[in-house]
Amino acid sequence: MSTAQRSYAAVVASLSQAVVAALDDLKAKDIRELDVRGKTSVADILYVVSGTSARHVKSIAEEVIKVAKAVGVMPLGVEGEKEGEWVLVDLGDIIVHVMLPRIREFYGLERLWTVGDSAPVEVVGDDSEPAAARA
């Protein structure tokens with residue numbers, strides 16, 4: 001792996017950690033990380049999370065944007081902020097979907113991206129304890 005590749009991988013890892021921390025800080029529910037490398041060239045990681053209300057969904061997305069900028073990554077796009085039912089934040093190799101539970105259940109992104117794979121990784125449990133610490 002070249003120096004540039006290692007540097008880029010470090011930026012993506014740093015961004016991923018910052019995104020998870022932001023999601024946890026704003027009490028996002030049911031945080032799932034989906035590794036979509038090899039399935040699409042659009043992104044490497046998808047985070048699918050729920051908010052408790054349209055305002056909560058918007059606040060979570062705003063915080064993700066704020067922390068991404070803090071680590072030097074400008075979002076490539078943000079969709080759905082006005083409605084607040086499903087906000088997509090495109091950070092390049094990481095895409096964050098923040099959704100109301102009913103919207104999340106209807107579209108079933110986890111099922112769509114994990115057909116034939118193992119279950120999505122639960123990043124943070126509902127009790128705000130990292131999944132790894134509970135295992």
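The side chain of S16 makes a polar contact with the side chain of Y47, at 2.4 Å. This is a predicted model, and S16 is a handy place to start looking around in it. You'll find S16 in helix α1, which covers residues 3-25. Is S16 buried or exposed? Its relative accessibility is 11%, so S16 counts as buried, the cut-off being under 20%. Leaving aside residues up to four places away in sequence, S16 touches E33, I45, Y47 and I94.

Next up are the salt bridges. The structure holds 7 of them, including the three in this table.

| Salt bridge | N to O distance |
|---|---|
| R32 and D30 | 2.9 Å |
| D30 and R104 | 3.4 Å |
| E63 and K66 | 3.8 Å |

D30 turns up twice here, once with R32 and once with R104. What does the pairing of D30 with R104 tie together? D30 sits in strand β1 (residues 29-35) and R104 in helix α3 (residues 101-107), so their salt bridge links parts that are 74 residues apart in sequence. As for accessibility, R104 is buried, with a relative accessible area of 6%. R32 is buried too, at 18%, while D30 is partly exposed, at 26%.

E63 and K66 make a more local story: they are 3 residues apart in helix α2 (residues 54-70), so about one helical turn separates them. K66 is exposed, with a relative accessible area of 54%. Back on the bigger picture, salt bridges that share partners join D30, R32, R104 and E110 into one network.

Now for some strands. Strand β3 (residues 77-79) and strand β4 (residues 86-90) run antiparallel, joined by 3 bridges. Across that pairing, V78 stands opposite V89 in β4. The hairpin of β3 and β4 has 6 residues between the strands, and G80 in this hairpin takes a positive phi near 90°.

β4 also pairs with strand β5 (residues 94-99), again antiparallel, through 5 bridges. Here D90 stands opposite I95 in β5. In the hairpin of β4 and β5, 3 residues lie between the strands, and G92 takes a positive phi near 90°. One more link back to the start: I94, listed in β5 by its residue range, is one of the residues that S16 touches.

How confident is the predictor? The protein chain averages a pLDDT of 85, and 81% of the residues score at least 70. Over residues 128-135, though, pLDDT stays under 50, and the model has 12 contacts beyond four places in sequence for that stretch.

Note on methods. Residues numbered from 1 in each chain as written. Predicted model: local features only at pLDDT ≥ 70, side-chain atom pairs only at ≥ 80, totals over all residues. Heavy atoms only, no water. Pairing = 2+ DSSP bridges. Helix = DSSP H or I, 4+ residues; strand = E, 2+ residues; numbered from the N terminus. Buried < 20%, exposed > 50% of the residue type's maximum accessible area, 1.4 Å probe, protein only. Polar contact = N/O pair within 3.5 Å; in protein donor to acceptor, adjacent residues only side chain to side chain. Contact = heavy atoms within 4.5 Å. pLDDT = per-residue confidence, 0-100. Salt bridge = Lys/Arg side-chain N within 4 Å of Asp/Glu carboxyl O.
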